[in-house]
Amino acid sequence: MTLRPLYLMLLLAGGSAHAMSAGEYVAKAGDCTACHTAPGGKELAGGMKFPTPVGDIYATNITPDKQQGIGSYSFEEFDRAMRQGVAKDGHRLYPAMPYTSYAKMSEQDMRALYDYLMHEVPAQDTANRESDISWPMSMRWPLAVWNTLFHEDQTYQPDSKQSAQWNRGAYLVQGLGHCGSCHTPRGWAMQEQGLDNQSPEFLSGAELDGWYAPSLRGLKPDDVVALLKSGRSRHAAVAGPMSDVVAHSTQYLSDDDLKAIAQYVHSLEIEAPKPVATMAASSASMASGGQTYAMYCSTCHGNKGEGSDNVIPALAGNLSVTAENPLTALRVVLEGAHTPVTQHATAIVMPGYGWVLNDQKTADLMSYLRGSWGNQAAPVTAEQVRDAWKRTK
């Protein structure tokens with residue numbers, strides 16, 4: 001039986017809009033829900049698992065419950081946790097909590113966020129879960145040294161040479177939005193290798209938690225606005241964890257703030273393109289991949305990878321397809337993907353094909369996608385497919 005690809009249109013409403021307080025808007029911009037709400041758990045009650053090289057850690061309860069949450073925090077204690085990564089009782093937070101970015105928040109936004117969490121969020125008595133990091137790596141005192149080496153505890157300083165819109169975008173990207181947490185490569189101590197536009201590494205793309213977050217530098221403003229607002233642009237769509245970011249955070253930002261973010265990332269210089277890979281996929285691999293594409297992919301993505309404007313992402317020129325690290329595109333092929341349900345768009349679901357394609361067939365398909373229609377990226381191996389499978393567990 002020939003299996004044809006099927007994109008499912010989920011005709012679901014994105015939720016009715018409501019007037020947000022200043023603090024709720026800050027919480028949306030900071031994407032608090034995505035990290036502090038476990039799947040199936042109560043909102044902001046913690047429990048979300050974050051794998052790290054030394055073990056798993058779990059987000060904490062940030063509702064105003066006085067025993068399990070932050071209800072007993074004064075503003076000064078809350079501010080210290082957000083800017084310096086030090087909890088009320090003095091223990092240090094792992095920098096998976098992006099206090100290195102939140103340190104750039106204005107006092108006005110910090111106070112608005114505190115008021116929102118204390119007075120508008122329902123208290124939940126969900127107990128916090130201890131990390132799964134074994135001793136001696138579980139010791140917290142070395143984090144003070146880490147802060148000395150890598151943390152800059154300073155609010156965002158506007159660049160007088162740039163426009164108000166550019167500075168607003170920089171504030172949101174570097175600070176509240178903490179975009180570098182996923183899109184900036186990490187160093188030997190898991191520190192972000194750049195915290196702002198002064199570093200060429202900032203937002204240049206990185207692998208994190210089994211996904212590859214592509215470079216944001218130099219992206220077209222219209223595409224950025226559309227992707228952050230609805231999860232889709234004319235020729236592209238978000239996948240993986242970024243779908244949650246759009247669902248919980250960026251879809252709620254004002255058009256002015258989305259345009260500011262877009263202007264800022266567009267202004268970042270793009271690294272000179274790397275030489276085209278000299279190793280091309282074999283003719284047998286390209287032929288096999290082409291057959292698989294014709295059978296499972298072309299109905300939706302088109303014979304030339306052109307996609308369908310604002311509905312099905314194009315594969316020709318697709319940054320995830322042609323990225324040096326093909327991990328995200330591989331996981332989409334294996335597991336499938338979906339765009340978020342938002343106030344601005346219905347969701348589209350792509351089924352996964354890992355159940356019907358073996359490792360070599362998947363590698364051939366990916367090599368075909370990365371070497372067709374003007375795409376010039378290195379072929380993919382069966383070993384890379386097997387590695388991607390491990391990331392899905």
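Met 137 is found in the loop between α5 and α6, in a model that is predicted. Leaving aside residues up to four places away in sequence, Met 137 touches Val 54 and Tyr 94, while its C-alpha atom is separated by 18 Å from that of Lys 49, which is 88 residues apart from it along the chain. For the protein chain the mean pLDDT is 90, and 93% of its residues reach 70 or more. Over residues 1–16, however, the pLDDT is below 50, although this stretch has 43 contacts in the model beyond near neighbours in sequence.

**Annotated domains**

- According to the UniProt annotation, which belongs to an unreviewed entry, "domain: Cytochrome c" covers residues 18–121, 164–269 and 284–373.
- Over residues 164–269 the chain is 45% helix and 6% strand, with its end C-alpha atoms 19 Å apart.
- Over residues 284–373 the chain is 47% helix and 9% strand, and here the end C-alpha atoms are 18 Å apart.

**Cysteines**

- A disulfide is a covalent bond between the sulfur atoms of two cysteines.
- Zero disulfides are found when the whole structure is searched, and Cys 297, whose nearest cysteine sulfur is that of Cys 300 at 9.0 Å, is accordingly in none.
- Seen from the other side, the sulfur of Cys 300 has its closest cysteine sulfur in Cys 297, and because the two are 9.0 Å apart they are too far for a bond.
- Cys 297 is buried, with a relative accessible area of 11%, and Cys 300 is likewise buried, with a value of 17%.

**The second largest pocket**

- The volume of the second largest pocket is about 930 Å³.
- Its lining is made up of 38 residues, and those that lie nearest the centre of the pocket are His 36, Tyr 58, Ala 59, Thr 60 and Leu 93.
- At least two residues of this lining are supplied by each of α2 (32–36), β3 (55–58), α3 (75–84) and α5 (107–119).

**Two buried residues and their contacts**

- Gln 124 is found, as Met 137 is, in the loop between α5 and α6, and Gln 124 is buried, with a relative accessible area of 17%.
- Not counting residues up to four places away in sequence, Gln 124 touches Lys 42, Glu 43, Ala 45, Asn 61, Thr 63, Asp 65 and Gln 68.
- Ser 181 lies in helix α8, which spans residues 180–183, and Ser 181 counts as buried because its relative accessible area of 11% is under 20%.
- The contacts of Ser 181, again without residues up to four places away in sequence, are with Pro 98, Ser 101, Arg 186, Glu 192 and Leu 208.
- Although Ser 181 and Thr 100 are 81 residues apart along the chain, their C-alpha atoms are separated by 9.3 Å.

**Positive phi angles**

- Most residues other than glycine have a negative phi.
- Leu 44, which is not a glycine, nevertheless has a positive phi of about 65 degrees, and its place is in the loop between α2 and β2 (49–52).
- Leu 44 is buried, with a relative accessible area of 3%.
- Asp 209 is also a residue other than glycine with a positive phi, in this case near 55 degrees, and Asp 209 lies in the loop between β4 (206–208) and β5 (211–213).
- With a relative accessibility of 49%, Asp 209 counts as partly exposed.

Technical notes: Residues numbered from 1 in each chain as written. Predicted model: local features only at pLDDT ≥ 70, side-chain atom pairs only at ≥ 80, totals over all residues. Heavy atoms only, no water. UniProt positions renumbered as here; feature names shortened; annotations may be inferred. Helix = DSSP H or I, 4+ residues; strand = E, 2+ residues; numbered from the N terminus. Disulfide = S-S within 2.5 Å. Buried < 20%, exposed > 50% of the residue type's maximum accessible area, 1.4 Å probe, protein only. pLDDT = per-residue confidence, 0-100. Contact = heavy atoms within 4.5 Å. 1 Å grid on protein atoms, 1.4 Å probe; cavity = no way out; pocket = protein on both sides within 12 Å on 5 of 7 lines; lining within 4 Å. Points joined across faces, edges and corners; volume = space filled by probe spheres on them.
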